[in-house]
Amino acid sequence: MSPGEKPDPLPDTFILQPPVFHPVVPYVTTIFGGLRAGKMVTLQGVVPLDARRFQVDFQCGCSVHPRPDIAIHFNPRFHATKPHVICNTLYLERWQAEARWPRLGLQRGASFLILFLFGNEEMKVSVNGQHFLHYRYRLPLSRVDTLGIFGDILVEAVGFLNINPFAEGGIEYPVGYPFLLKSPSLEVPCSRALPKGLWPGQVIVLRGLVLPEPKDITLSLRDEAAHVPVTLRASFADRTLAWIAPWGCKRLISAPFLFYPRRFFEVLLLCQEGGLKLALNGQGLGATSVHRQVLEQLRELRISGSVQLYCVHC
């Protein structure tokens with residue numbers, strides 16, 4: 001893309017808000033485009049040993065006076081005789097009837113990963129991969145445009161994603177891997193071992209930020225002989241996304257080109273019988289055929305190019 005040239009307009013569903021790392025609490029931020037069914041917010045952090053309570057509010061605005069409506073108030077309380085979680089809605093500065101969950105899936109001194117999934121009629125919450133609660137909307141989800149985090153909590157990362165489009169296997173919750181991992185390194189080029197190859201149901205997750213002056217981003221899958229039967233490449237010279245065959249043949253993927261300088265993205269690859277299904281920023285973009293024996297013989301995932309990586313999982 002030449003200097004001064006503007007990106008092609010993208011549908012809102014293709015645009016993801018960049019994650020936030022180590023925000024200072026209290027923390028309030030705008031949710032780009034507001035909330036809608038199909039979105040997911042991830043919260044990664046640690047509960048302090050002396051924590052009494054914290055809250056995550058999905059707000060309708062960020063005014064101080066009058067206080068904004070809060071469509072969803074998620075409030076774990078540790079100081080009570082029996083720790084619990086309260087969910088509620090604030091409307092016209094009045095709290096509605098509380099909804100209470102007696103079992104608290106969070107512990108003082110422990111790390112956590114919370115997923116907030118927004119459906120058509122209710123929000124579902126999982127804690128550390130386990131379903132925890134669901135809360136039916138009392139205000140229209142379309143009014144929510146602000147996230148607020150308050151209280152006794154150490155936040156490591158906040159992510160804004162679209163729900164995983166892959167429904168195979170009947171998994172209730174989508175891919176919600178943490179943004180921050182203790183190891184291994186995410187320096188580019190980045191390599192991950194696939195000691196047992198790929199098998200049906202396995203998902204590869206890649207999240208990152210395109211660098212300011214990009215040339216290309218390449219995701220390749222290699223076998224023990226260093227052959228590369230599967231390559232996915234985003235080329236900035238002609239703004240194309242394509243599968244590259246081992247003999248160099250390029251098969252273009254029909255989709256908006258969403259890789260732009262300083263823009264956040266997520267790539268999901270789902271292994272299935274006979275190939276790999278692709279999703280970008282939560283939008284399914286078809287599949288490429290790969291023989292099962294080839295998938296089983298893969299031993300390395302490699303990412304290279306003009307990208308800063310936030311998460312690689314396989």
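1. Let me start with a strand pair: E16 and strand E17 (residues 230-235) run antiparallel and are joined by six bridges. Keep in mind as you look around that this is a predicted model. Two of the partnerships are easy to find on screen: isoleucine 217 has alanine 234 as its bridge partner in E17, and leucine 221 has valine 230. The two strands make a hairpin with six residues between them. In that turn, have a look at alanine 226, which has a positive phi of about 70°.

2. E16 also pairs with strand E23 (residues 298-305), again in the antiparallel sense, this time over seven bridges. Here threonine 218 is the one to click on, as its bridge partner in E23 is serine 304. How enclosed is strand E16 (residues 216-223)? Seven of its eight residues are buried, so the rest of the structure largely encloses the strand.

3. Zooming out, these strands belong to an open sheet of six, in the order E14-E23-E16-E17-E18-E19, with antiparallel pairing. Which strands sit at the edges? They are strand E14 (190-193) and strand E19 (250-252), each of which pairs on one side only. Ignoring direction, neighbouring strands of this sheet are turned by 20° against each other on average. As a general reminder, side chains in a regular strand alternate between the two faces of the sheet.

4. Threonine 240 is found in strand E18 (residues 240-244). With 15% relative accessibility, threonine 240 counts as buried, because the cut-off for that is under 20%. The threonine 240 side chain makes a polar contact of 2.8 Å with the side chain of aspartate 238. Not counting residues up to four places away in sequence, threonine 240 touches Arg233, Ala234, Ser235, Lys250, Leu252 and Phe257.

5. Now the cores. The largest nonpolar core has 41 residues, and those with the most contacts inside it are Leu43, Phe58, Phe74, Phe116, Phe118, Met123 and Leu133. Apart from it lies another core, of 37 residues, and Ile217, Leu258, Cys271 and Val290 are among them. Back to methionine 123: leaving aside neighbours within four places in sequence, its contacts include Phe58, Ile72, Phe116, Leu133 and Tyr135.

6. On aromatics, the count comes to eleven pairs. One of interest is phenylalanine 21 with tyrosine 310, an edge-to-face pair at 5.1 Å centre to centre with 65° between the planes. Why does this pair tie together parts that are 289 residues apart in sequence? Because phenylalanine 21 lies in strand E1 (residues 20-21), while tyrosine 310 is in strand E24 (residues 307-313). As for burial, phenylalanine 21 is partly exposed at 27% relative accessible area, whereas tyrosine 310 is buried at 12%. Elsewhere, ring pairs link Phe236, Phe257, Phe259, Tyr260 and Phe265 into a cluster.

7. Last, histidine 84, which is placed in strand E6 (residues 84-91). Is histidine 84 buried or exposed? Histidine 84 is buried, with a relative accessible area of 6%. Its side chain reaches the backbone oxygen of lysine 82 at 3.0 Å. Beyond neighbours within four places in sequence, histidine 84 is in contact with Asn75, Pro76, Arg77, Arg100, Trp101, Pro102 and Leu104.

How values were computed:
Residues are numbered from 1 along each chain as its sequence is written. This is a predicted model: local features need pLDDT of at least 70, side-chain atom pairs count only at pLDDT 80 or more; totals for chains, interfaces and linings use all residues. Side-chain values use heavy atoms; hydrogens and water are left out. Helices (H or I, at least four residues) and strands (E, at least two) are DSSP runs, numbered from the N terminus. Buried means under 20% relative accessible area, exposed over 50%, partly exposed in between (1.4 Å probe, protein chains only). A polar contact is a pair of N or O atoms within 3.5 Å; within protein, one must be able to donate a hydrogen and the other to accept it, and residues adjacent in sequence count only if both atoms are side-chain atoms. Contact means heavy atoms within 4.5 Å. Rings of Phe, Tyr and Trp (its six-membered ring) pair if their centres lie within 6.5 Å; planes under 30 degrees apart count as stacked, over 60 as edge-to-face and the rest as tilted. Two strands pair if DSSP finds at least two bridges between them. A nonpolar core is a set of buried Ala, Val, Leu, Ile, Met, Phe, Trp, Tyr and Cys residues joined through side-chain atoms within 4.5 Å. Axes are lines fitted to C-alpha atoms, for helices over the stretch in contact, and angles run from 0 to 180 degrees between N-to-C directions.
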